Amino acid sequence: MAPSKRPCASFFRYILLAIGTLAVLLVTGFALFLVALVIGEHLERERWHEAPTTLHLYDHSEVCAIHHATSEIETKSMPETNEPSSSDWKVLNCGACGACSNVKDVSIYHHTRQSLTLTMTRCAREGFVAGLVRGSDVVADVTDQCFQQAAGISAPCSKCWTENALCNFDNCLATCLKGTQFS
């Protein structure tokens with residue numbers, strides 16, 4: 001009698017069934033992830049629409065300026081920077097001087113204006129992955145250290161960027177994920 005080939009065919013049928021089941025689970029999981037992103041983005045947009053306006057933060061008569069001869073940096077009022085005697089001053093940014101209002105950071109902003117946000121996005125991802133592995137208390141430190149190294153930005157300026165990334169994570173995660181992964 002010839003041996004039966006049925007056990008082998010049965011084994012392959014189980015393999016195909018397992019692969020098909022896995023594919024269905026993956027597609028279902030991805031679809032649920034997309035639904036969660038859409039719902040999350042909708043809820044974030046509702047919170048954003050209900051939040052108070054921040055336009056007043058950009059409506060002021062102050063600028064942060066640097067003196068050409070002395071490299072002194074200070075907050076000046078707009079009329080002072082428009083006077084003929086103000087030609088020694090160059091505007092660094094609108095509003096009062098802040099943690100990133102220094103010659104080095106402003107130069108980095110200028111030279112990396114097309115990539116600085118992507119650098120922070122990469123560092124934030126690195127920080128969040130480290131947080132998943134080592135605990136949430138390392139997220140800010142890993143993100144901050146990565147950004148300082150990758151961008152060459154000062155520690156006080158990097159701290160501002162890191163705080164912004166953490167705020168985005170807390171308040172805009174679905175919108176950010178959808179925007180960076182599916183657009």
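Which helix is alanine 155 found in? Helix 6 is where alanine 155 sits, and the close-ups below, taken from a predicted model, begin with that residue.

**View 1. Alanine 155 in helix 6 and its contacts**

Alanine 155 belongs to helix 6, a run covering residues 155-181. With a relative accessibility of 40%, alanine 155 counts as partly exposed. Skip the neighbours within four places in sequence, and what alanine 155 touches is Asp144 and Gln148. For a sense of scale, take alanine 65, which is 90 residues away along the chain: its C-alpha atom and that of alanine 155 are 21 Å apart.

**View 2. Aspartate 144, a buried acid with no salt bridge**

Now look at the other side of one of those contacts. Aspartate 144 is part of helix 5, residues 139-151. This aspartate is buried and yet makes no salt bridge. How far away is the nearest side chain of opposite charge? That side chain is lysine 159, at 8.2 Å, and a salt bridge would need a nitrogen and a carboxyl oxygen within 4 Å. What aspartate 144 does have is a polar contact of 3.3 Å, side chain to side chain, with threonine 162. Beyond four places in sequence, the contacts of aspartate 144 are Ala155, Ser158, Lys159 and Thr162.

**View 3. Lysine 159 and glutamate 163, a salt bridge in helix 6**

Lysine 159 turns up again here, this time with a salt-bridge partner. The partner is glutamate 163, and the closest N and O atoms of the two are 3.4 Å apart. Both residues are in helix 6, and because they are four residues apart, about one helical turn separates them. Glutamate 163 is partly exposed, at a relative accessible area of 45%. In general, side chains of opposite charge can pair when their charged atoms come close.

**View 4. Two other salt bridges, in helix 1 and helix 4**

The salt-bridge count for the model is three. One of them joins the side chains of glutamate 41 and arginine 45, at 3.2 Å from N to O. These two are four residues apart in helix 1 (residues 6-50), so about one helical turn lies between them. Is glutamate 41 buried or exposed? Glutamate 41 counts as buried, at 11% relative accessibility, whereas arginine 45 is partly exposed at 42%.

Another salt bridge brings together the side chains of arginine 122 and glutamate 126, at 3.9 Å from N to O. Here too the spacing is four residues, or about one helical turn, this time in helix 4. Arginine 122 is partly exposed at 42% relative accessibility, and glutamate 126 is partly exposed at 39%.

**View 5. Aromatic pairs that reach helix 6**

There are four aromatic pairs in total. In one of them, the ring centres of tyrosine 109 and tryptophan 161 are 5.9 Å apart and the planes stand at 90 degrees, so this pair is edge-to-face. The pair ties together distant parts of the chain, with tyrosine 109 in helix 3 (residues 103-111) and tryptophan 161 in helix 6, 52 residues apart. Tyrosine 109 is partly exposed, at a relative accessible area of 32%, while tryptophan 161 is buried at 18%.

Phenylalanine 128 and phenylalanine 169 make a stacked pair, 4.2 Å centre to centre with 20 degrees between the planes. This pair also links distant parts of the chain: phenylalanine 128 is in helix 4 (residues 116-134) and phenylalanine 169 in helix 6, 41 residues apart. Phenylalanine 169 is partly exposed, at 35% relative accessibility. As for grouping, Tyr109 and Trp161 join Phe147 in one aromatic cluster.

**View 6. Strand 1 and its two antiparallel partners**

Why is strand 1 described as largely enclosed by the rest of the structure? Strand 1 covers residues 62-67, and five of its six residues are buried, so the description fits. Five bridges join strand 1 to strand 2 (residues 73-77), and the two run antiparallel. Within that pairing, valine 63 has lysine 76 as its bridge partner. The hairpin of these two strands has five residues between them, and in it serine 71 takes a positive phi near 60 degrees. Strand 3 (residues 89-94) is also antiparallel to strand 1, again with five bridges, and its tryptophan 89 stands opposite histidine 67.

Conventions:
Residues are numbered from 1 along each chain as its sequence is written. This is a predicted model: local features need pLDDT of at least 70, side-chain atom pairs count only at pLDDT 80 or more; totals for chains, interfaces and linings use all residues. Side-chain values use heavy atoms; hydrogens and water are left out. Buried means under 20% relative accessible area, exposed over 50%, partly exposed in between (1.4 Å probe, protein chains only). Lys and Arg count as positive and Asp and Glu as negative; His and the chain ends are not counted. A polar contact is a pair of N or O atoms within 3.5 Å; within protein, one must be able to donate a hydrogen and the other to accept it, and residues adjacent in sequence count only if both atoms are side-chain atoms. Contact means heavy atoms within 4.5 Å. Rings of Phe, Tyr and Trp (its six-membered ring) pair if their centres lie within 6.5 Å; planes under 30 degrees apart count as stacked, over 60 as edge-to-face and the rest as tilted. Two strands pair if DSSP finds at least two bridges between them.
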